[in-house]
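Open the model in a viewer and keep the selection tool at hand. The stops below go from domains to their interface and then to a cavity.

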Amino acid sequence: MKSESDILVIGAPGNVGSYVVEYALERGMRIRIGAYDIEAAKASFEDVEDICFFDFYEPSTYESVFSGIEQVFFIRPPQIADTKEGMIPALRYAEKVGVEHMVFLSLFGINRRMPHYDVEQFLKKSSMRYTFLRAGFFMQNFSTQFLEDIRTRDEILVPAGKGKMALIDARDIASVAVRSLANSSDDNRIFELTGSESLNYFDIAKIFTEVLGRPIDYPKPSPKEFKQKRLNQGWHSDMIEVLNMLFKMVRWRLAGKKSKDFEKLMERDPITLEQFVIDHKHLWMKDMED
């Protein structure tokens with residue numbers, strides 16, 4: 001077993017990072033959180049005393065975050081498209097000051113054109129041990145990024161075509177992440193993490209319709225229609241382009257593949273989309289307020 005101390009989490013609060021902190025604390029691990037929105041982090045994690053401001057683009061924040069740390073769980077912030085410029089300098093600093101193990105939340109179906117690729121390549125060539133969690137699309141995107149689509153407009157607006165996805169719950173990803181922080185047997189390994197169901201967005205809309213008790217539509221927008229509607233809603237163009245790139249995998253039928261890695265590692269079935277919607281049903285009710 002590894003030393004369960006001096007672990008840095010970058011990406012909390014967030015879809016996966018929040019659960020990583022929760023599950024790590026349950027195991028008695030000593031956690032430091034590196035957060036861009038430090039006030040949100042402090043409000044979300046009252047039991048964590050060690051919370052530092054961190055910005056991948058600000059080298060002045062590196063020392064306070066990485067000093068004394070043995071292991072790191074981190075994500076790619078969605079606004080960082082150029083990871084060579086936006087992330088590698090921080091990772092190089094972490095290596096320099098003695099970080100030993102990096103658990104990186106990567107992407108299922110990764111290829112050279114994706115921003116996660118350069119991060120993986122750097123870590124493979126570094127002196128640090130690595131664990132890559134190549135996860136499918138998160139179910140939690142429906143309760144965060146696409147929350148208002150469902151709650152306010154009764155639709156799911158994504159440029160996915162008829163492609164299928166093997167969605168995974170962030171709680172399941174976090175369970176594997178904490179396992180990897182606690183077990184050296186996961187060092188220098190790559191895990192593909194998906195759910196057990198391969199669903200298109202018509203299937204997904206049907207599940208939401210049945211659980212919420214009202215019609216939820218999937219209008220199947222083209223990438224061009226998606227971009228224009230999101231611009232009209234005030235979304236940043238960089239975020240729209242990243243999503244169009246990611247959903248290209250879905251349209252090309254590359255995101256529906258299912259992996260058994262989760263079942264083998266955790267010895268249980270992954271959470272289903274239906275169970276996820278049931279667990280978070282209140283978020284999409286019309287009378288909910290932020």
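The tour that follows is of a predicted model.

**Stop 1: the two domains.** Colour residues 7-135 as domain 1, and give a second colour to domain 2, which is made up of 137-167, 194-256 and 268-282. Place a marker at the C-alpha centre of each domain; the markers for domain 1 and domain 2 will lie 26 Å apart.

**Stop 2: the contact between them.** Select the residues of each domain that have heavy atoms within 4.5 Å of the other. This picks out 14 residues from domain 1 and 14 residues from domain 2. Together the two domains bury about 1,100 Å² between them, and carbon and sulfur atoms account for 71% of that area.

**Stop 3: the domain 1 side.** Show N15, P78 and F108 as sticks. These residues supply 40% of the area that domain 1 buries against domain 2, more than any other three residues. By residue class, the side of domain 1 that touches domain 2 has 10 nonpolar, two polar and two charged residues.

**Stop 4: polar links across the interface.** How many salt bridges are there between domain 1 and domain 2? The count is zero. A search for residue pairs in polar contact across this interface, with both residues at pLDDT 80 or more, also gives zero.

**Stop 5: the cavity.** Run a cavity search with a cut-off of 30 Å³ or more, and one cavity is found. The volume of this largest cavity is about 50 Å³. To see its lining, select L107, F108, A135, G136, F137, M165, A166, M249 and A255. Eight of the lining residues are nonpolar, one is polar and none is charged. Keep the domain colours on: domain 1 and domain 2 each contribute at least three residues to this lining. F108 appears here in the lining, having already been shown at Stop 3 among the three residues that supply 40% of the area domain 1 buries against domain 2.

Conventions
Residues are numbered from 1 along each chain as its sequence is written. This is a predicted model: local features need pLDDT of at least 70, side-chain atom pairs count only at pLDDT 80 or more; totals for chains, interfaces and linings use all residues. Side-chain values use heavy atoms; hydrogens and water are left out. On a 1 Å grid over the protein atoms alone, a cavity is a set of points where a 1.4 Å probe fits but cannot get out, and a pocket is an open set with protein on both sides within 12 Å along at least five of seven lines; lining residues have an atom within 4 Å of a point. Grid points are joined across faces, edges and corners, and a volume is the space filled by probe spheres set on the points. Ala, Val, Leu, Ile, Met, Phe, Trp, Tyr, Cys and Pro count as nonpolar, Asp, Glu, Lys and Arg as charged, and the others, Gly among them, as polar. Domain bounds come from an automatic or database domain assignment. Buried area is the accessible area (1.4 Å probe) that two parts lose on being put together, summed over both. A salt bridge is a side-chain nitrogen of Lys or Arg within 4 Å of a carboxyl oxygen of Asp or Glu. A polar contact is a pair of N or O atoms within 3.5 Å; within protein, one must be able to donate a hydrogen and the other to accept it, and residues adjacent in sequence count only if both atoms are side-chain atoms.
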